[in-house]
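Me: Could you take a close look with me at one part of this protein, the way its helices pack against each other? I would enjoy one connected walk through it.

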Amino acid sequence: MLQPNRPSPFVRFAYFEVHFRAGELRKEGRRIRLQEQPFQVLTMLLERPGDMVTRAELQKKLWPADTFVDFDHGLNSAVARLREALNDSAERPKYIETVARRGYRFIGQLEQACDAHSLELGPENSLKPDPPLPVRNWKKLAPVLVAAVVLVLGAGDIFWRHYGRSQAVNKSIDSVAVLPFENAAASTDQEFLAQGITQSTIDHLSKLGNLKVISFGSVLRYRGRSGDPKQIGHDLGVHSVMTGKIDFHGDRMIVMTELVNTSDGTHIWGEQYDRKVSDIVSVQEDIAREIATKLEVRLSTQQEKVLQKRYSQDFEAYQVYLRGRYYWNRRSQEDLQRGIAYFEQAIERDPKNALAYAGLADSYFVRAISGALPTAEAMPKAKAAALKALDLDDSLAEAHTSLAQVTANYEWNWDRAESEYKKAIELNPSYSTGHHYYATFLMAMGRHAEALEEMKKAEALDPLSPIIATFIGKAYSYAGNNNEAIKRYEKVLESDPEFQVARSFLIHSLEQAGRFDEAVAQTKIVAAQAGHGSDAAAALGRAYRLARATGYWKEVLRQVQRGKDPGAGSDLDIAAIYIQLGNKDRAFDLLERAYADRNMWLMNLKVDPRFENLRSDDRYESLLSRIGLRANLRSSS
């Protein structure tokens with residue numbers, strides 16, 4: 001039977017202190033969260049440093065005979081959590097060594113231990129005043145005492161900076177970035193689960209309203225990368241960063257998390273969850289709740305309900321849904337189609353899965369606006385899926401946003417669309433896509449100041465998003481500030497030279513500014529990146545040199561007409577070319593065809609500078625009236 005020595009009030013090893021009476025583990029003065037059983041394991045090992053503590057001894061102390069539990073699993077989990085807190089590993093132990101199939105031993109070097117008995121003073125050992133120091137000795141000791149005072153004050157300052165400040169600063173932390181969970185398994189088969197737990201944790205936190213949460217799109221860039229939390233915090237504009245690791249073992253998983261203060265890199269919170277894979281939803285809820293608690297976010301009753309909401313009780317259906325979101329996030333047309341197939345499978349397994357319907361709505365909308373599916377085919381499907389999602393759960397911001405997009409871009413019902421955008425943002429103020437899409441609506445309405453404000457809100461939530469940064473440029477373009485738009489597009493391309501949306505918008509703005517040589521240079525870059533020859537760009541350059549702007553636009557038209565698939569919005573693009581060539585009749589023919597096809601880009605007709613030369617024509621006013629823009633436009637600068 002184990003007969004432990006009575007522990008001292010605290011012991012120290014490496015950067016750690018263990019305070020037995022308080023039941024606390026500290027690192028450099030900062031408390032490290034450690035649950036009761038891992039702490040008891042540590043206590044037993046420290047009572048006999050260097051000696052093996054058997055599994056039987058640990059079982060008898062931690063799991064008495066009348067406790068019904070899987071002992072092996074429980075002990076392994078407790079030791080794993082202890083090692084995680086100590087940043088130790090079983091393969092290369094610094095503190096906790098495994099004795100195969102027998103037990104564990106503490107192998108660290110104890111640097112200091114206070115004798116408990118020396119602190120227990122009875123009457124016979126009570127403190128008595130020392131005799132006064134002779135004056136001559138006082139003078140000799142004065143420098144030593146001054147140094148001691150300085151040392152004590154310095155130690156107090158260090159304690160405050162490393163411990164007190166980290167505790168106080170939590171009260172001012174109002175923002176967080178949840179970085180992608182690292183998949184510790186060699187196989188990529190479970191990657192969608194690791195990505196799913198990241199996105200779902202973000203979704204849970206973003207619905208709290210009183211916490212700024214960086215969007216999944218921006219944090220996804222850190223997948224597979226290690227970085228300094230302070231630098232990441234600076235890049236993303238947040239005061240805290242959460243990192244995580246997930247390790248799959250058959251039907252079980254170990255999820256490890258850490259929340260760090262980005263102002264000084266201090267540890268705020270950490271936890272390890274050893275659960276069944278089927279419990280992934282509850283793990284997401286627990287992580288979100290712990291982060292909210294540690295950042296001192298006051299949760300209302302409604303917010304508590306939000307954290308506890310389950311969108312599917314069928315784990316297989318939820319897994320299929322996560323696969324759909326995994327491919328949705330990749331955004332290629334092939335991946336979007338695969339995502340649609342998974343969302344439909346998830347619905348087939350669980351017809352009440354509102355998230356899967358929201359995923360379908362998102363997918364059909366993106367496929368339509370990119371030109372991959374005809375608008376008349378895709379948009380009714382997007383609307384039906386969004387309405388079904390809201391029928392199942394009216395609190396889904398994503399579904400409200402999807403419905404708003406259909407209502408604005410396809411149905412041109414501006415009042416209903418704005419109502420849906422506002423509802424989505426009210427439900428989830430941290431939903432960057434909601435702010436982004438609402439901003440594009442405001443641009444089309446000519447409410448430019450409001451549009452820029454919304455775009456900047458989206459950028460704060462998704463600071464690394466190239467599409468959001470690009471549309472800030474578009475907002476300036478629609479507001480009449482083409483020079484600023486060009487600067488914005490160029491800035492995006494500095495950090496992401498392959499982002500073709502920004503380059504396409506840049507070419508349009510350069511053409512508008514009459515900077516055709518630069519537009520030709522950008523066209524050459526597009527061709528090179530696509531693996532095409534430079535003949536088309538060279539022809540544009542020759543046409544411009546020979547006949548200036550008229551020659552340039554004629555060559556652009558010739559190349560577009562030879563193209564097999566001009567792409568989404570092409571009727572509007574070709575109409576804009578005819579306007580530059582002075583052929584308004586042909587331009588209006590194309591605009592009328594775009595109207596008949598419910599072209600999704602037509603909602604920008606009022607503010608798109610390419611159509612400025614049509615604004616004095618009665619046919620232009622007639623078209624605006626049929627779209628419903630004249631009555632609903634209230635311009636702001």
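Reply: Happy to; here is the setting, then the helix packing, and then a few single residues.

This is a predicted model, in which local features need pLDDT of at least 70 and side-chain atom pairs count only at pLDDT 80 or more, while totals for chains, interfaces and linings use all residues. Residues are numbered from 1 along each chain as its sequence is written, and side-chain values use heavy atoms, with hydrogens and water left out.

The protein has 26 helices and 14 strands; helices (H or I, at least four residues) and strands (E, at least two) are DSSP runs, numbered from the N terminus. Of its 637 residues, 50% are buried, where buried means under 20% relative accessible area, exposed over 50%, and partly exposed in between (1.4 Å probe, protein chains only). Among contacts in the protein with a separation of 6 or more, 59% join residues 24 or more positions apart; contact means heavy atoms within 4.5 Å.

A word on confidence: the mean pLDDT is 83, and 83% of the residues reach 70 or more, pLDDT being the predictor's confidence in each residue, from 0 to 100. Residues 114-170 have pLDDT below 50, and this stretch has 35 contacts in the model beyond near neighbours in sequence. Residues 633-637 are also below 50, with 16 such contacts.

Now to the packing itself. Two packed helices are described by the angle between their axes and the distance between the axes. Here, axes are lines fitted to C-alpha atoms, for helices over the stretch in contact, and angles run from 0 to 180 degrees between N-to-C directions.

Let us begin with helix 12 (residues 354-369), which packs with helix 11 (residues 333-349) at an angle of about 155 degrees, the axes being 9 Å apart. That makes helix 11 roughly antiparallel to helix 12 (angles under 35 degrees count as roughly parallel, over 145 as roughly antiparallel, 65 to 115 as roughly perpendicular and the rest as oblique). Helix 11 passes helix 12 in a left-handed crossing; a crossing is left-handed if the near helix is turned anticlockwise from the far one by less than a right angle, and right-handed if clockwise. On the helix 11 side, the residues in this contact include Leu336, Ile340, Phe343 and Ile347, and on the helix 12 side they include Tyr357, Leu360, Tyr364 and Arg367. By class, the contact of helix 11 with helix 12 holds 10 nonpolar, 4 polar and 2 charged residues (Ala, Val, Leu, Ile, Met, Phe, Trp, Tyr, Cys and Pro count as nonpolar, Asp, Glu, Lys and Arg as charged, and the others, Gly among them, as polar).

Helix 12 has another partner in helix 10 (residues 315-330), with an angle of about 25 degrees and axes 10 Å apart. That makes helix 10 roughly parallel to helix 12, and their crossing is left-handed. Tyr321, Arg325 and Trp328 of helix 10 make the contact with helix 12 residues that include Leu355, Ala358, Asp362 and Val366. The contact of helix 10 with helix 12 divides into 6 nonpolar, 2 polar and 2 charged residues.

Asp362 deserves a pause. This helix 12 residue is buried, with a relative accessible area of 9%. Leaving aside neighbours within four places in sequence, Asp362 is in contact with Arg325, Trp328, Glu398 and Ser402.

Further along the chain, the axes of helix 21 (residues 516-529) and helix 22 come within 10 Å and cross at roughly 155 degrees. Helix 21 and helix 22 are therefore roughly antiparallel, and their crossing is right-handed. Residues including Phe516, Val520 and Lys524 in helix 21 meet residues including Leu540, Tyr544 and Trp553 in helix 22. The contact of helix 21 with helix 22 has 9 nonpolar, 2 polar and 2 charged residues.

Helix 22 (residues 535-562) also holds Arg548, whose phi is near 55 degrees, a positive value in a residue other than glycine. Arg548 is partly exposed, at 48% relative accessible area. Arg598 likewise has phi near 55 degrees, but lies in the loop between helix 24 (584-596) and helix 25 (618-627). Arg598 counts as partly exposed at 26% relative accessibility.

Finally, back in helix 1 (residues 36-47), there is Glu47, buried with a relative accessible area of 13%. Glu47 and Phe106 are 59 residues apart in sequence and 9.3 Å apart in space, C-alpha to C-alpha.
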